[in-house]
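Trainee: Please pick one part of this model and take me through it closely, then show me how the rest of the picture builds around it. I am new to this, so plain words would help.

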Amino acid sequence: MKKINFILILGIVFLCSFISISNYDSKFVEISSVSEKGYTYNVVYMNRGGSKNRIKAKYFASPANSSVPQRFLNFSENKNMIMVSSAGYMDNYGVPVGLTIDNGKLVNKNLGSTDGLIIVYPTGGIVATDIEKGDLTLQGGGIAPGRKFDIRNSWTDRNDFIKWAQSQEATVFQTHLLVYKDKLSIATNAEPTKRERRFLAVGKDKSSADLCHAILNLPEYTSLYDGTFRAKKFLNDTGNMEITFMINLDTGYQDVCFLYNKDASINNLIHGQRSLDYAVNLLAYYYE
């Protein structure tokens, strides 16, 4: 544990040395820790700011001309960073698992077994679909309105989807889809291993109908199903959130995560156990 903590400290020092001191508006970002019935919920609520879309997401999965960590560091300079976390899974060779496209660049064309397909748009928005349902719809890029893509069972649909993502400079990755349209979409026997869990939920505030994103960290070790069940209930009830989708963020070998206060200092309420250089992919949130 001492070695891991030492690596974490080095990662924080390395990370802070590249990021300029800048602010985000705290009325769009709320960081809190809540204890309920013996469990801790560390959460970052992000309101996208209505039509202004102040909160934006960026995903890194391709080394391109430099490593993923270095790409993030270059990107984060002079940005109002909120949080960065490992997201999708990787194989034993450090390759992102499942269909992966980074800003239009094809990283992995092979479809993985997980049901969640995540699309991060250049505008900073995120959407998700259950690819098992075969009803993915797209906009722009010459796609016929109303066309549904079944990328699991149709090579034509998958190929056309990849071409669309490339033409739109979209970013795509796969992971477990835990909640979809405010309903659990995970089997009760899913990954029984108990560990710290980290989730990303996207939905609407039940009171204001504002689009919001929430990253929820469960520090007590739990199975994937039990963690999902508790996280959904917490966000629905305490967070007053109607969840459009919730996905799993990797806390395995590449457990990289940094949370920033509004003055750009590190907030250790939510953090990973690995230094930045372990990251094969990263999901970053920033304020603009």
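**From one arginine outwards**

Mentor: Arg-198 counts as buried because its relative accessibility is 0%; buried means under 20% relative accessible area, exposed means over 50%, and partly exposed is in between, using a 1.4 Å probe and protein chains only. Before we go on, keep in mind that this is a predicted model, where local features need pLDDT of at least 70 and side-chain atom pairs count only at pLDDT 80 or more, while totals for chains, interfaces and linings use all residues. Residues are numbered from 1 along each chain as its sequence is written, and side-chain values use heavy atoms, with hydrogens and water left out.

Arg-198 belongs to strand β12, residues 195-205. Helices (H or I, at least four residues) and strands (E, at least two) are DSSP runs, numbered from the N terminus. The side chain of Arg-198 has polar partners: it meets the side chain of Asn-217 at 2.8 Å and that of Asp-255 at 3.1 Å. A polar contact here is a pair of N or O atoms within 3.5 Å; within protein, one must be able to donate a hydrogen and the other to accept it, and residues adjacent in sequence count only if both atoms are side-chain atoms.

Now for the nonpolar residues. A nonpolar core is a set of buried Ala, Val, Leu, Ile, Met, Phe, Trp, Tyr and Cys residues joined through side-chain atoms within 4.5 Å. The largest one has 31 residues, and Leu-200 is among those with the most contacts inside it, together with Ile-82, Ile-126, Leu-283 and Tyr-285. Setting aside neighbours within four places in sequence, Leu-200 is in contact with residues including Ile-126, Phe-245, Ile-247, Leu-283 and Tyr-285, where contact means heavy atoms within 4.5 Å. There is also a second, separate core of 21 residues, which includes Phe-199, Leu-216, Leu-235 and Ile-243.

Next, have a look at helix α2, residues 68-76. Seven of its nine residues are buried, among them Phe-72, Leu-73 and Phe-75. At the N-terminal end of α2, Ser-67 acts as a cap, with a side-chain oxygen 3.2 Å from the backbone nitrogen of Gln-70. Just after α2, Asn-78 takes a positive phi of about 65 degrees.

Aromatic rings come next. Rings of Phe, Tyr and Trp (its six-membered ring) pair if their centres lie within 6.5 Å; planes under 30 degrees apart count as stacked, over 60 as edge-to-face, and the rest as tilted. A search of the whole structure finds 10 such pairs. In one of them, Phe-60 and Phe-72 meet edge-to-face, 6.1 Å centre to centre and with 80 degrees between the planes. This pair links distant parts of the chain, since Phe-60 is in strand β3 (residues 55-60) and Phe-72 in α2, 12 residues apart. Phe-60 counts as buried because its relative accessibility is 2%, and Phe-72 is buried at 0%. Phe-161 and Trp-164 make a stacked pair instead, with 5.9 Å between centres and 25 degrees between planes. These two are three residues apart in helix α3 (residues 155-167), which means they are separated by about one helical turn.

Back at α2, Phe-60, Phe-72, Phe-75 and Tyr-286 form one aromatic cluster. Lys-79 lies over the face of Phe-75, 4.2 Å from the ring centre; a charge sits over a ring if NZ of Lys or CZ of Arg is within 6 Å of the ring centre and within 35 degrees of the ring normal.

Let's finish with charged pairs. The structure holds seven salt bridges, each a side-chain nitrogen of Lys or Arg within 4 Å of a carboxyl oxygen of Asp or Glu. Lys-56 and Glu-288 meet in one of them, at 4.0 Å from N to O. This pair spans distant parts of the chain: Lys-56 is in β3 and Glu-288 in the segment after β17 (282-287), 232 residues apart. Lys-56 is buried because its relative accessible area is 13%, whereas Glu-288 is partly exposed at 48%. In helix α4 (residues 224-237), Asp-237 and Lys-233 lie four residues apart, about one turn of the helix. Finally, salt bridges that share partners join Arg-147, Asp-157 and Asp-160 into one network.
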